[in-house]
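Colleague: Would you please take a close look at the aromatic side chains of this model for a first-year student, and then follow the account outwards to whatever adjoins them?

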Amino acid sequence: MKKYTFTEKKDTRSGFGAGMQQLGQQNPDVVALCADLVGSLKLDAFIKENPERFIQCGISEANMIGVSAGLTIGGKIPYATTFANFATGRVYDQIRQSVAYSNKNVKICASHAGLTLGEDGATHQILEDLGMMKMLPGMTVINPCDFNQTKAATIAIAEHDGPVYLRFGRPVVPIFTDPDQKFEIGKAWMVSEGTDVSIFATGHLVWEAIQAGEQLEAEGISAEIINIHTIKPLDEEAIIQSVGKTGCAVSAEEHNRLGGLGDSIAQVLIKNKLVPQEYVAVDDSFGESGSPAQLMEKYGLTAEDIVAAAKRAISRK
């Protein structure tokens with residue numbers, strides 16, 4: 001198994017902030033909007049350098065989506081930012097009607113996604129957002145795994161013509177991807193090749209999958225680990241090729257088991273290559289208050305849970 005190490009941990013939302021600062025310097029059409037959460041979205045550097053290209057919408061997320069849609073008519077590239085719960089669940093109708101239906105070039109950038117929002121609890125820990133957004137026709141859905149990949153994705157989506165949902169988070173996680181990487185929308189990243197089980201992970205669960213792969217290797221099991229950073233469009237070819245070699249699959253995500261990455265992978269397998277699949281995800285429940293580590297363990301999203309799922313999948317071959 002390919003080995004990955006890290007020297008630093010950072011939150012993925014800071015990767016978004018770094019990407020926005022770079023975009024502010026190189027693309028004059030990029031405009032940032034926020035719903036009263038500038039500090040949480042790490043927009044301070046962008047605003048300091050480009051005050052004329054920032055709109056503070058206040059606690060009025062639906063209006064922010066409408067303003068963003070209007071800005072695209074004038075050729076601007078709006079990045080509408082807030083917490084994932086407010087960016088999707090609170091304003092789904094506005095996104096559907098004003099952005100997706102009319103194919104507006106709006107980038108919806110959502111922080112504090114999933115369980116690892118932590119102590120704020122279930123009302124803020126949205127676990128349905130990937131499913132909600134991937135069901136919208138024409139919506140690109142991206143969930144990067146670390147600081148560097150989030151920065152690269154933030155920059156890359158400015159060149160993509162069409163609506164995008166970019167999801168990232170609050171906790172600090174290892175930085176293990178290339179700082180100079182080229183982010184390709186819709187192209188899965190082979191983390192480590194293997195022969196016994198395919199582990200398809202997204203977001204914070206990619207590092208957990210790497211740790212799981214090392215544990216499995218110690219037991220003589222060869223895991224192929226693939227980072228599915230783009231939920232939609234999904235890299236179906238990468239999935240089919242991988243399970244064709246390993247004969248079974250595990251999906252790992254910080255999201256509800258229903259409607260997320262696992263279900264998208266299952267659709268690919270049903271149509272192309274029927275193999276056993278196991279889910280590592282929140283099992284159709286809301287979250288609760290607690291530290292990120294406590295919640296990851298309680299809701300079954302750790303490396304150990306991925307190891308157990310991999311063994312179950314292998315046993316079903």
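**Aromatic rings and their surroundings**

Modeller: Let us begin with Phe 86, which is buried, its relative accessible area being 13%. Phe 83 is buried as well, with a value of 9%. Please bear in mind throughout that this is a predicted model. Aromatic pairs in it number seven. One of them joins Phe 83 and Phe 86, whose ring centres are 5.9 Å apart and whose planes stand at 10° to each other. This pair counts as stacked because an angle under 30 degrees earns that name.

A second pair brings together Phe 176 and Trp 207, with 5.1 Å between the centres and 40° between the planes. That angle is neither under 30 nor over 60 degrees, so the pair is described as tilted. Its two members come from distant parts of the chain, 31 residues apart. Phe 176 belongs to the loop between β8 (172-174) and β9 (189-192), whereas Trp 207 belongs to helix α8 (residues 205-218). Phe 176 has a relative accessible area of 8%, and for Trp 207 the value is 13%. Both residues are therefore buried, the limit being under 20%. Phe 176 and Trp 207 also take part in one aromatic cluster, which includes Tyr 4, Phe 6 and Trp 189.

Another ring, that of Phe 147, has a charged neighbour. Lys 10 is placed over the face of Phe 147, 4.4 Å from the centre of the ring.

Phe 147 leads us on to a pair of helices. Helix α1 (residues 12-26) and helix α7 (residues 147-156) have axes that come within 7 Å of one another and cross at roughly 35°. The crossing of α1 past α7 is right-handed. On the side of α7, the contact is formed by Phe 147, Thr 150, Lys 151, Thr 154 and Ile 155. The contributors from α1 include Thr 12, Phe 16, Ala 18, Met 20 and Leu 23. Sorted by character, the residues of this contact comprise six nonpolar, eight polar and one charged.

Ala 18 shows this contact at the level of one residue. Ala 18 sits in helix α1. Its relative accessible area of 19% makes Ala 18 buried, because the limit is under 20%. Apart from neighbours within four places in sequence, Ala 18 is in contact with Phe 147 and Lys 151. Thr 195, by comparison, is 177 residues from Ala 18 in sequence, and their C-alpha atoms are 37 Å apart in space.

We may end with two further residues, outside the aromatic rings. Thr 202 is located in the loop between β10 (197-201) and α8, the helix that also holds Trp 207. With 1% relative accessibility, Thr 202 is buried. Leaving aside neighbours within four places in sequence, the contacts of Thr 202 include Asn 143, Asn 227, Ile 228, His 229 and Leu 261.

Leu 71 lies in helix α3 (residues 61-73). Beyond its neighbours within four places in sequence, Leu 71 is in contact with Val 31, Leu 33, Ile 55, Lys 76 and Pro 78. Between the C-alpha atoms of Leu 71 and Thr 302 there are 41 Å, and these two residues are 231 residues apart along the chain.

How values were computed: Residues are numbered from 1 along each chain as its sequence is written. This is a predicted model: local features need pLDDT of at least 70, side-chain atom pairs count only at pLDDT 80 or more; totals for chains, interfaces and linings use all residues. Side-chain values use heavy atoms; hydrogens and water are left out. Rings of Phe, Tyr and Trp (its six-membered ring) pair if their centres lie within 6.5 Å; planes under 30 degrees apart count as stacked, over 60 as edge-to-face and the rest as tilted. Buried means under 20% relative accessible area, exposed over 50%, partly exposed in between (1.4 Å probe, protein chains only). Helices (H or I, at least four residues) and strands (E, at least two) are DSSP runs, numbered from the N terminus. A charge sits over a ring if NZ of Lys or CZ of Arg is within 6 Å of the ring centre and within 35 degrees of the ring normal. Axes are lines fitted to C-alpha atoms, for helices over the stretch in contact, and angles run from 0 to 180 degrees between N-to-C directions. A crossing is left-handed if the near helix is turned anticlockwise from the far one by less than a right angle, and right-handed if clockwise. Contact means heavy atoms within 4.5 Å. Ala, Val, Leu, Ile, Met, Phe, Trp, Tyr, Cys and Pro count as nonpolar, Asp, Glu, Lys and Arg as charged, and the others, Gly among them, as polar.
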